[in-house]
Amino acid sequence: MTDKMPTSSFLITEALDALDEWLVIVDEQAAIVFLNRPYAQFLGVKRDEVYGQPIINVIENTQMHRVVESGQPEVSRLQEIKGRHMIANRYPIRHQGEVVGAVGTVLFHDTHEWRQMNTQIKALVSELDFYRKALDKEQTGARFELHDLIGRSQRIQQVNDKVKKVAAGDASVLIRGESGTGKELYAHALHLLSDRSRAPFIKINCAAIPENLLEAELFGYEEGAFTGARKGGKQGKFQLADGGTLFLDEIGDMPLAMQVKLLRVLQDREVEAVGSNRLVKVDVRVIAATHQPLEKLVEAGEFREDLYYRVNVVSLELPALRERREDIPALAEHFLQRLANRTGRRQPKLTAQALTRMLEYAWPGNVREMENALESAFYLSQGHKISLNALPATLSQGESLPVPSFSGTLKERLAEAEKAILEETLRSCEGNRKLAARVLGIGKTTLYDKLARYRPLLEE
């Protein structure tokens, strides 16, 4: 040990000089009382000569005097000194409630350094957010968000806008559409947009489970409830979805006996497991889906009317692929890119003939059929092009939509396809434009705009 220990003021000065940040302190007159060594070296001044001088005479573009006057801190402010941009922080110093000075620091010595640090932070936050979302999706069972659903057509945008409006609430949603239109994907998106997004997302296909097992699957069972029952019993889908969302796919195929029990659960929010006499409270939002016309099933006595109104609080109508053919190029690009990423192969492109045929085809299996067709063509095609011959035979032999033979750009072909759809719809509606607009899922004004663009379609 030395005979003489350094004073505390000496230690403080040495510590402030050792900082990588630049630091300045002023008194209540905004005169400099301290400037650490790195800052003085950058300014090219001697500290003893600037002490007592107004800071505005020493540091250009400073705002320290304003902090002293206002008593308000300034954080992360841009300041130019000697042609270099700084990111500065300035804080008032108070004693017994009065401002007696201010302290200023420069955390980044130029904007390049700040941008570099900011980019690194953003990358880390983005990576953390990615893994957090991936973990949430894995834990909840829902994987597809709204932006994962490909489509920019007016019909799809209308559906997406409706999803955004109803997702936050707890109202039951009935998703309707032909097989292969993406009903389950929209159920995922609804859940992930809701306040229940971190809770479970449980799904069950009502058409895939035998009637005698469906009750146990939905409501669970107690030990010994029936022959082969698992020891300790089993929770049903409702219990597993507690606090989250239960997706009832193909609800139109649910047996009538089960419809009665489902209605009771939806009304009372209570579940009774098979073989139990105990009611268990559940908090579940129900999203149902069907490709069947439930109204006709209700008329035929095959679907309960009271259950219909219970699950159909909000209805989402998903358009068939043939009704939104302008989305076909983007969907094709998406599926081919995903296949390329999965296999490590270069992404192939569709030839003009292949794309034209895909635009003309009726797609009875909708997006699911299209995905399967492209996967087949991806593996069968040679080189970096997918020709018409590489597409499944069903496309060349299947039904085509009434699209006139037309050559031109993709935009021109899509316009021709839209015109054909308008003509066909108006014809089937016997010229009733209000009805045609409803069938197409567009407003009357939009329909009139399109009619004006493609005149003459029908005689007034």
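In what order do the five strands of the open sheet stand? The order is E7-E8-E11-E6-E12. This is a predicted model, and the sheet is a good place to start reading it. The pairing between its strands is parallel.

Now look at the two edges. Strand E7, residues 201-205, lies at one of them, and strand E12, residues 314-317, is the other edge strand. Each of these two pairs on one side only. From one strand to the next, the twist averages 20°.

Stay with E7 for a moment. Its partner is strand E8, residues 245-249, and the two run parallel. Five bridges join them. To find one pair of facing residues, go to Asn205, which stands opposite Asp249 in E8.

A helix also packs on the sheet. This is H6, residues 154-166. H6 touches strand E11 (285-290) and also E12. The direction of H6 makes about 155° with that of E12.

Next comes a pair of helices. Two packed helices are described by the angle between their axes and the distance between the axes. Helix H13 covers residues 328-343, and helix H14 covers residues 352-360. They pack at an angle of about 120°. Their axes are 10 Å apart. An angle over 115 but not over 145 counts as oblique, so H13 and H14 are oblique to each other. Their crossing is right-handed.

Which residues meet there? H13 brings Ile328, Pro329 and Ala332. H14 brings Leu355, Met358 and Leu359. By class, this contact has six nonpolar residues, with no polar and no charged ones.

Note on methods. Residues numbered from 1 in each chain as written. Predicted model: local features only at pLDDT ≥ 70, side-chain atom pairs only at ≥ 80, totals over all residues. Heavy atoms only, no water. Pairing = 2+ DSSP bridges. Helix = DSSP H or I, 4+ residues; strand = E, 2+ residues; numbered from the N terminus. Axes fitted to C-alpha atoms, helices over the stretch in contact; angles between N-to-C directions. Contact = heavy atoms within 4.5 Å. Parallel < 35°, antiparallel > 145°, perpendicular 65-115°, else oblique. Left-handed = near helix turned anticlockwise from the far one by under 90°. Nonpolar A, V, L, I, M, F, W, Y, C, P; charged D, E, K, R; others polar.
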